[in-house]
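Thanks for coming. I have one structure to show today, so please have a look at it first.

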Amino acid sequence: FAATRALLTRVTVGQLVEATRGTRGKVRTLSVDATCGEALSLLAAEPSILSAPVVDLDRLLFLGFMDVADFLAGFMYHLEKVKPPPVVAPLGPDTPRFAAKEGSSPLPRAALKPAVVERILKDEGRRQWIESVTEDDLTAGDTFFSTTIREARAQLCGNEDGRMVYAGKRDLPLLELVRGGFLRFILTPGSTQQGWDATEASAETVATVPRRAIACHRVAIYRLDYDPDVQDDAMCIDAILSQSDVIRLLNARRDELGDVSTRSLHDIGLGGAWDDGSDPGAGAAVAPGDEVTCVLPTARALEAFSLMNAWGLSAVGVVSEPRGPLVDCLSVGDLRGVKAGDFSSLNASVSDFTRRRRMPGSNPSLVTVRPDADLGEVIAKMCERGVHHVFVTDLEGRPVRMITPTDILGSITLPATHGAVGWRFQAAEISSKYAADAEREAEPTRVDDGRRFHDEM
């Protein structure tokens, strides 16, 4: 993919900022004193926005980012308060046997790695705990909606999935931003660390989220402007670039991508485990691997969202039957459709939950390709349909892989050889204009569907 890397070297950060500026309004921010319900309403009003910077207007500080996954973690935190999950049981001689694959004989626990056994047991415990959650327990969602972002961040030790880079670096090649920013993984705190509940860490339960490395999905470009109120330079967030912005750039210049449009997903390792029909003894026996997680349409929406939160997934596939064809997709972004007093909708099946939020006959979030498709086709479909997930399916329509923008960028670039960007992570003072803007826009705007949201909170 040398041609693609050459393109990303020619295009600068500043050029991508200008290219995206015409398709967006001003940067949306979330006040740290806004409630989680207000914040989710803001994100729901603009389907393309999954996160926003958080600012403290009283102290004029930029604090970091909050995205939909953080709000999902916040809801699960309050659910755990209403319905405490059981503590993880230690391994013992009575630990059950597990089947290595469908139709095989059960294997003794000793035949599996202890870490695999622990994961299986913990997830089974999580599933049983979710099954015990009643519709009355889902009133935890109303408490969550009334919680301020300030309180949520104190409870959750936010993942800080976002970075800041000074506008003076606008001449930096976009390739360096991708390598050193989007593909520089962030270690999340998990729910076992000090500060998860602003208290000491507690015993591990079946719902405990482990620490994990995640990719950075967004970068804020900031500048320093003189602020007469403080008589000093202060931060202004000039633009926010996401992985999807880079994907759209690649799609717009597909004729410059070289091998991206000729090499298949299978050839570059993104095709998943599949069979091309050359082995007459395989065929329909080929089954999805661990690279895509699926639920049944009859599963509760709460189970699907709990699964995403527990294992750090941005989406799950929906299959018609166990190890069957893919029929739908549910992503963490779909949580934005839940409104105050409506958390009982999570008690509905996945199929009912998604149907209530989509136009009849449409299924915009499900996009599939075959393993012999090229990466250019995936990029084109991702942009045309406005999605963050493309599923690779086998001859029977069964999912074998889920491709995200992170996968695409990781495939076409090489690791960074040096730190050329100069990232900023800590809280920083922001311009007083944010407080002035908030005062001018204190009255909420009513949109056509009756929802209320602030243009900039």
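I will go through two sheets, one helix pair and one loop residue. Keep in mind that this is a predicted model.

Let me start with the sheet that contains S6. It is an open sheet of three strands, ordered S6-S9-S10, and its pairing is mixed. Which strands stand at the edges? They are S6, residues 163-166, and S10, residues 232-242. Each has a single partner strand, so one side of each is left without a neighbour in the sheet. On average, and ignoring direction, neighbouring strands here are turned by 35° against each other. S6 and S9, the latter covering residues 218-227, run parallel and are joined by four bridges. If you want a place to look, Val-165 stands opposite Ile-221 in S9.

Next, the sheet with S11. This one is an open sheet of three strands in the order S11-S12-S13, with mixed pairing. S11, residues 294-295, and S13, residues 326-331, are the edge strands, and each pairs on one side only. Between S11 and S12, which spans residues 315-319, there are two bridges, and the two strands run parallel. Cys-294 stands opposite Gly-317 in S12. There is also a helix on this sheet: H10, residues 301-311, lies across S11, S12 and S13 and runs at about 65° to S13.

Now the helix pair. Two packed helices are described by the angle between their axes and the distance between the axes. For H8, residues 174-182, and H9, residues 243-252, the axes come within 11 Å and cross at roughly 145°. The crossing of H8 and H9 is left-handed. Which residues make the contact? From H8 they are Leu-174, Val-178 and Phe-182, and from H9 they are Gln-243, Val-246 and Leu-249. Sorted by class, that contact has five nonpolar residues, one polar residue and no charged residues.

Last, a loop residue. Val-87 sits in the loop between helix H4, residues 68-82, and strand S4, residues 98-99. Is Val-87 buried or exposed? Val-87 counts as exposed, because its relative accessibility is 53% and the cut-off for exposed is over 50%. Leaving aside neighbours within four places in sequence, Val-87 is in contact with Glu-204 and Thr-205. Val-87 and Thr-205 are 118 residues apart in sequence, while their C-alpha atoms are 3.9 Å apart in space.

That is what I have; I will take questions now.

Key
Residues are numbered from 1 along each chain as its sequence is written. This is a predicted model: local features need pLDDT of at least 70, side-chain atom pairs count only at pLDDT 80 or more; totals for chains, interfaces and linings use all residues. Side-chain values use heavy atoms; hydrogens and water are left out. Axes are lines fitted to C-alpha atoms, for helices over the stretch in contact, and angles run from 0 to 180 degrees between N-to-C directions. A crossing is left-handed if the near helix is turned anticlockwise from the far one by less than a right angle, and right-handed if clockwise. Contact means heavy atoms within 4.5 Å. Ala, Val, Leu, Ile, Met, Phe, Trp, Tyr, Cys and Pro count as nonpolar, Asp, Glu, Lys and Arg as charged, and the others, Gly among them, as polar. Buried means under 20% relative accessible area, exposed over 50%, partly exposed in between (1.4 Å probe, protein chains only). Two strands pair if DSSP finds at least two bridges between them.
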